[in-house]
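Me: I should like a close look at a single part of this model, followed outward to the packing around it. Please treat it as one connected account.

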Amino acid sequence: MKLSERFDRRYQQTPVATPQAPAPAEPDTPVDGMPTIAPIERRAVPREGATASPPTLETAVLGADSPAVLSPGLAAAKAEIHADLLRRHAAAIDISNRAGIRRLLMQLTEDHFRAKPPAALVTAADRERLVEILFDEVIGLGPLEAPLRDPEITEIMVNRPEQIFVERRGRIELTNLAFEDEASLRRVIDRIVSTIGRRVDESEPMCDARLKDGSRVNVVIPPVAIYGPCLTIRKFGREVLTPERIVTSGGSSEAILEYLDAAVRTRLNIIVSGGTGSGKTTLLNVLSGFIPATERIVTCEDAAELRLRQVHVISLESKPANVEGRGQITIRDLVRNALRMRPDRIIVGEVRGGEALDMLQAMNTGHDGSMSTVHANNPRDVINRLETLVLLAGTELPSRAIRGQIASAINVIVQTERLRGGSRKIVGVAEVFGLKEGEIGLNELFAFRQVSVTPDGRAVGYHTATGTLSTFQDHFKANGTDLPESMFEPSTQPPQDKLY
């Protein structure tokens, strides 16, 4: 049975299979690190409930032949129509009735231009484009709606109202999208943060939030952001990433995922480490899919991003302080509370403070099989960083005691990395096997060997075992899982055309 089939059979509800469109050809792009200063081409992604129509904003707003900024006449008309909508229909607007809002905007637009002199008449395409922009502003996030619907875009970066970058297939590109002014960008920011009960103002100029689909949002406004509000959105893919898709895309080898599958099922404690944007949370989502559906899982996160498919899942989210400086609930508070909720497993979205001590204690007191992520460059740095984070809890523990806690709590460290060219891969898997002369011992099992860089700037290589057997072989056998020793034999370097 394939790994992906076992992955799906562990749930009470089998996910609906969706046909996969063939991957588009990789365009010619500059060397990694140099953003493309050009309008983005994108596919027309129809809105919910919208019917197929000739290309309008959906294909023109990011195209090279149509400017993303409205002409002065259309911009003035948009402002007047928007004001008219708020003045006459603000109380009657139902955000859930998307079709009704679209019809209302079309009627207001027709009425507006019907009252203008013949010289002010515009084409039908301009009117439709205007309605689409108004529709996005009324119920969505304005000019960000188009890249949010594009499945190829993984990150949206608004540096200032007139400058919006996106990441597409690992490459950063400057778009020709723009907000009209700083006020319109602030309205979008307020709409995002208010939906989850948070705020951003001069007293709290930085904020983490999320969209309804789980996409991560970070906001920074003046006085911290010197040149105006900054908004960063890390999108979540609509499709659930499966182990088979990770192997097919070159993010891992099947042997690595077979090993991680066994580690999760036999309740080893796992830490996923890596840099920003290296795919830690995405991999944590995949690993959580190996947990049997019969177990009770409690997740603790700053902004709820994990999307577990099991039925018995409790999701907890931290809460910032209110205007009076009260009511803050930290990740550490959530971890402590999770211990009282009879969890089989605790998953901490990211360890970045004193909650590291509570997480280690939970792993050492009967909550085996727990998982978390941490920022670190390699497995050895994970140990050092956890040791530092435990000290942030305010406890005056000696270094040897902290290392003893880490050595007995953490079993497996999975290292992820975003390589040149934008590809995200598992680059290392190491086991923690206890203290040795005061230092925590690490046993590296798998690694990614980078061989070269292609002419278009992509790092390529291959995954291989290191030749060292797992120190948990007896543990796996005792829990009904037998991993063959051949899985840990090193692979020979494949030819150049087989590298990924």
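Which residues of α10 are buried?

Reply: The model is a predicted one, and the description below is to be read accordingly. In α10, the buried residues are Lys280, Thr281, Leu283, Leu284, Asn285, Val286, Leu287 and Ser288. The helix is thus mostly covered, with eight of its nine residues buried.

The surroundings of this helix come next. The largest nonpolar core has 34 residues, and those that touch the most other members are Tyr259, Leu260, Ile270, Leu287 and Phe446. Two or more residues of this core come from each of α9 (254-265), β8 (270-274), α10 (280-288), β13 (412-418), β14 (424-436) and β15 (439-453). With seven residues, α9 gives the most to this core. As a general background, nonpolar side chains in soluble globular proteins tend to be buried together.

Phe446 merits separate attention. Once its neighbours within four places in sequence are left aside, Phe446 is in contact with Ala255, Ile256 and Tyr259, with Val427, Gly428 and Val429, with Thr464, Ala465 and Thr466, and with Met487 and Phe488. Apart from the largest core lies another one, of 33 residues, which includes Met359, Val374, Ile402 and Ile440.

Two helix pairs complete the picture, and α12 takes part in both. The axes of α12 (residues 355-363) and α14 (residues 399-409) come within 9 Å and cross at roughly 50°. Because of that angle, α12 is oblique to α14. The crossing of these two helices is left-handed. On the α12 side the contact is made by Leu360, Gln361 and Met363, and on the α14 side by Gln405, Ile406 and Ala409. By class, these residues comprise four nonpolar, two polar and no charged.

The other pair joins α12 with α11 (residues 331-338), where the axes come within 8 Å and cross at roughly 20°. Angles under 35 degrees count as roughly parallel, and α11 and α12 are therefore roughly parallel to each other. Here too the handedness can be stated: α11 passes α12 in a left-handed crossing. Ile331, Arg332, Val335 and Arg336 of α11 make this contact with Glu355, Leu357, Asp358 and Met359 of α12. The contact of α11 with α12 has four nonpolar, no polar and four charged residues. Met359, named in this contact, is also among the members of the core of 33 residues.

Technical notes
Residues numbered from 1 in each chain as written. Predicted model: local features only at pLDDT ≥ 70, side-chain atom pairs only at ≥ 80, totals over all residues. Heavy atoms only, no water. Core = buried A, V, L, I, M, F, W, Y, C linked by side-chain atoms within 4.5 Å. Buried < 20%, exposed > 50% of the residue type's maximum accessible area, 1.4 Å probe, protein only. Helix = DSSP H or I, 4+ residues; strand = E, 2+ residues; numbered from the N terminus. Contact = heavy atoms within 4.5 Å. Axes fitted to C-alpha atoms, helices over the stretch in contact; angles between N-to-C directions. Parallel < 35°, antiparallel > 145°, perpendicular 65-115°, else oblique. Left-handed = near helix turned anticlockwise from the far one by under 90°. Nonpolar A, V, L, I, M, F, W, Y, C, P; charged D, E, K, R; others polar.
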